[in-house]
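Ready to learn your way around a new fold? Grab a pencil, try each exercise yourself, and then read the solution.

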Amino acid sequence: MKIVILCVLGCVMMVLAGVSCIWLRLTNGCSYWPAPADALVKSTETVKPELVNRSCSKGWFKINNSCFLYVPKPRSWAEAERNCLTMGAHLASVHNINEYHEIQKKIAAITHDYKETWIGGSNAQQVDVWLWSDGTIFHFSNWCPTDPNIGGPQRCLQMNHGAQKCWNDVECDVLLPSVCTKKTQLIQR
Ligand SMILES: [Ca+2]
């Protein structure tokens, strides 16, 4: 019996509160309970998305908006590209001298040497057209003074060649370490 009475009292109080709220709302005074539906919508609209940071996977190093990975195992150019593909990447493309120096510095930090290394340049499709395997435009080059050897069997691009640590075209089945690249990913902080 007591429970029934308590329930009835509770319901009466809720009704009275609702009525008073309606009255107050008519006089521009009710702004807390019950929350108007438009206020609820507004609160969800004003929630800002989490701040994000462009990052690289563990073991990859970041230069601008790209991630790079030095792969020490010697492979042919095609096998090196296929290895990059298994990680959602391509052999690295290089688009300016600063980017090239940054990649060189990372390789030197990892290997304590400026090792000859595959990057993603190739003229396998047409002897006078160099392409990057990641599909970006080949607008920058850092060839060694006597390269590229246009017309010969040398169709793939290695970096860190010779005393100047510049670019050399060599036969694609030479076994070399490689550098993969992929874009940075948006990650929530
Ligand atoms: Ca060459």
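What follows is a set of exercises on this predicted model, each with a worked solution.

**Exercise 1. Get the overview.** Find how many helices and strands the protein chain has, and in what order they come.

Solution.
- Step 1: Count the elements. The protein chain has 4 helices and 10 strands.
- Step 2: Walk from the N terminus. The order reads α-α-β-β-β-α-β-α-β-β-β-β-β-β.
- Step 3: Look at burial. Of the 189 residues in the protein chain, 23% are buried.
- Step 4: Check how far apart in sequence the touching residues are. Among contacts with a separation of 6 or more, 65% link residues 24 or more positions apart.

**Exercise 2. Read a helix from its sides.** Work out which residues of α4 are buried, and where they sit around the helix.

Solution.
- Step 1: Locate the helix. α4 covers residues 97-111, which makes 15 residues. From its first C-alpha to its last it reaches 21 Å, close to the 21 Å expected at 1.5 Å a residue.
- Step 2: Pick out the buried residues. In α4 these are Tyr-100, Ile-103 and Ile-107.
- Step 3: Look down the axis. The buried residues of α4 fall within an arc of 65°, so they line one face of the helix.
- Step 4: Recall a bit of helix geometry. An α-helix has 3.6 residues a turn, so residues three or four places apart point the same way.
- Step 5: Turn to the face pointing away from the buried side. That face of α4 carries the exposed residues Asn-98 and Ala-109.
- Step 6: See what the buried side packs against. The partners of the buried α4 residues are β2 (61-63), β3 (66-75), β5 (117-126) and β9 (176-183).

**Exercise 3. Classify one residue.** Is Ala-108 buried, exposed or partly exposed?

Solution.
- Step 1: Place the residue. Ala-108 belongs to helix α4.
- Step 2: Count its surroundings. Ala-108 has 14 C-beta neighbours inside 10 Å.
- Step 3: Apply the cut-offs. Buried needs 20 or more, and exposed means 12 or fewer, so Ala-108, with its 14, counts as partly exposed.
- Step 4: List its contacts beyond four places in sequence. Ala-108 is in contact with Asp-113 and Tyr-114.
- Step 5: Peek past the end of the helix. Just after α4, His-112 takes a positive phi of about 60°.

**Exercise 4. Follow the strand pairs.** Trace which strands pair with β3 and with β9, and in which sense.

Solution.
- Step 1: Start with β2 and β3. They run antiparallel and are joined by 3 bridges. One of the pairings puts Lys-62 opposite Cys-67 in β3.
- Step 2: Look at the link. β2 and β3 form a hairpin with 2 residues between them, and Asn-64 in the turn has a positive phi of about 55°.
- Step 3: Move on to β3 and β9. These two pair in the antiparallel sense over 7 bridges, and Tyr-70 has Val-179 in β9 as its bridge partner.
- Step 4: Add β4. It is antiparallel to β9, with 2 bridges, and His-90 stands opposite Thr-181 in β9.
- Step 5: Ask how enclosed β9 is. Because 6 of its 8 residues are buried, β9 is largely enclosed by the rest of the structure.

**Exercise 5. Find the core.** Which residues of the largest nonpolar core touch the most other members, and which elements supply the core?

Solution.
- Step 1: Name the best-connected members. Out of 25 residues, Phe-68, Leu-91, Ala-92, Ile-103, Ile-119, Val-179 and Cys-180 touch the most other members.
- Step 2: List the elements giving two or more residues to this core. They are β3, α3, α4, β5, β7, β8 (166-170) and β9.
- Step 3: Find the top contributor. β3 gives the most, with 4 residues.
- Step 4: Zoom in on Ile-103. Beyond four places in sequence, Ile-103 is in contact with Ile-63, Phe-68, Ala-92, Val-94 and Val-179.

**Exercise 6. Try a strand residue.** Is Leu-157 buried or exposed, and what does it touch?

Solution.
- Step 1: Place it. Leu-157 lies in strand β7.
- Step 2: Count neighbours. With 33 other C-beta atoms within 10 Å, Leu-157 is buried.
- Step 3: List contacts, skipping residues up to four places away in sequence. Leu-157 touches Ile-119, Gly-121, Ser-122, Trp-167 and Asp-169.

How values were computed. Residues numbered from 1 in each chain as written. Predicted model: local features only at pLDDT ≥ 70, side-chain atom pairs only at ≥ 80, totals over all residues. Expected span 1.5 Å × (residues − 1). Arc of directions from axis to C-beta. Contact = placed C-beta atoms within 7 Å. Pairing = 2+ DSSP bridges. Core = buried A, V, L, I, M, F, W, Y, C linked by C-beta atoms within 7 Å.
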